[in-house]
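Student: I'd like a close look at one part of this model, the place where the two chains come together. Could you walk me through it and then zoom in on whatever else sits there?

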There are 2 protein chains.
Amino acid sequence: MADSAVQQNLVAKNAEYASKFDKGDLGIPPAKNCIVVTCMDARIDPAAAYGIDIGDAHVIRNAGGHVRPALRDILISQQLVGTKELLVIKHTGCGMLSFKNEDALTMVEKNLGVQARANLEGFDFHTITNLEEAVKSDVKWLKDCSYVPRDVLVSGWIYDVATGKVKKVV
Amino acid sequence: MADSAVQQNLVAKNAEYASKFDKGDLGIPPAKNCIVVTCMDARIDPAAAYGIDIGDAHVIRNAGGHVRPALRDILISQQLVGTKELLVIKHTGCGMLSFKNEDALTMVEKNLGVQARANLEGFDFHTITNLEEAVKSDVKWLKDCSYVPRDVLVSGWIYDVATGKVKKVV
């Protein structure tokens, strides 16, 4: 099948990127020995907004920038690579603030049918009620987590999608 | 507690980014209506390497760029925002090629003790044996997945961390 517009864009922009690429000798361990967990939101460019140079950090992105659904990734980063610092960066205007599990299930039923909805009953979409509390809750969870060594430095932040600014929460 | 060097870097680089920021009016839905799933690897800068402008795409990143552990994120992107295209981009030299579940459990036991290991028995770290096969397997899984509408366009790619080049697999 012919490439879609999105695929053509990837191929064209990547060719330009690769033509100037000079970072082919970096190793697996992040140079700054850290992990950033942030949201998949399209308005966030972590490298630019958070000042992450290529090779610096593991960047985990999921819906909400949540740490609980990222346990596998965090475990791998710390146990296999030995990262020692973890930054959780959620953001204003997050889609996860705009719905509840029930709303998601209603959409699933509408789009995919009653059986799909039934299969997902009890599924936790990890929506957010209060942004600042969600950051604090994630940081506390990491500090209490039996899979995260006590010497890992954990901090929590909020990125403002309207201003491009981060602020430290905890 | 005083900010760590990593945190100081975030604050300083972000202040510079925010001072020139002019994309504060973007909405939640990705302008290109798509999702990119890729690895958390520090050597990948998706925006630059894959040509993703701010606002273009949901970017999901986890250990391996795997779609199965990203089902929650994909569901939210498609059901709540209505994204219609999905690109899976794994990469050469991925850490997930370098160990097996048993190796990870051995590290957990060494670093966190026998109880931590016992609690993780049976945990799937989603390691990779063959990169190209892993891309194909993820694409097939998405195409068969009862939670992904049949009209969502799915493609699979490999990014080469040595050259900066992507190639289409499927």
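**Where the chains meet**

Tutor: Chain B and chain A bury about 7000 Å² between them, with 64% of that on carbon and sulfur atoms. Keep in mind that this is a predicted model. In terms of contacts, 85 residues of chain B touch 84 residues of chain A. Of the interface residues of chain B, 99% are also interface residues in chain A, so the copies meet through the same surface.

The symmetry is worth a look next. Chain B superposes on chain A by a rotation of 180° with 0.0 Å of shift along its axis, and the RMSD is 0.0 Å. The two copies are thus related as by a two-fold rotation axis. Looking for a residue to find that axis by? In chain B, the C-alpha nearest the axis belongs to Arg61(B), 2.3 Å from it.

Now for charges. The rule finds 2 salt bridges across the interface of chain B and chain A. The side chains of Lys168(A) and Asp3(B) form a salt bridge, at 2.6 Å from N to O.

For a closer view of one element, take helix H4 of chain B, residues 101–112. At 1.5 Å a residue, its 12 residues should span 16 Å, and the end C-alpha atoms are indeed 16 Å apart, so the two agree. Which of its residues are buried? They are Ala104(B), Leu105(B) and Val108(B). These cover an arc of only 100° around the axis, which puts them on the same side of H4(B). And what covers them? The cover includes helix H3 (71–81) of chain A, together with helix H5 (114–120) of chain B. So part of the cover for this helix comes from the other chain, namely helix H3 of chain A. Right after H4(B) comes Gly113(B), with a positive phi, near 100°.

Finally, step back to a whole chain. Chain A has 6 helices and 5 strands, and along the sequence they run α-β-α-β-α-β-α-α-α-β-β. Its C-alpha trace spans about 50 × 50 × 35 Å along the principal axes. Of the 170 residues in chain A, 53% are buried. Among contacts in chain A with a separation of 6 or more, 66% are between residues 24 or more positions apart.

Notes:
Residues numbered from 1 in each chain as written. Chains lettered and ligands numbered in written order. Predicted model: local features only at pLDDT ≥ 70, side-chain atom pairs only at ≥ 80, totals over all residues. Heavy atoms only, no water. Helix = DSSP H or I, 4+ residues; strand = E, 2+ residues; numbered from the N terminus. Expected span 1.5 Å × (residues − 1). Buried < 20%, exposed > 50% of the residue type's maximum accessible area, 1.4 Å probe, protein only. Arc of directions from axis to C-beta. Contact = heavy atoms within 4.5 Å. Least-squares fit on C-alpha atoms with pLDDT ≥ 70 in both. Buried area = accessible area lost by both parts, 1.4 Å probe. Salt bridge = Lys/Arg side-chain N within 4 Å of Asp/Glu carboxyl O.
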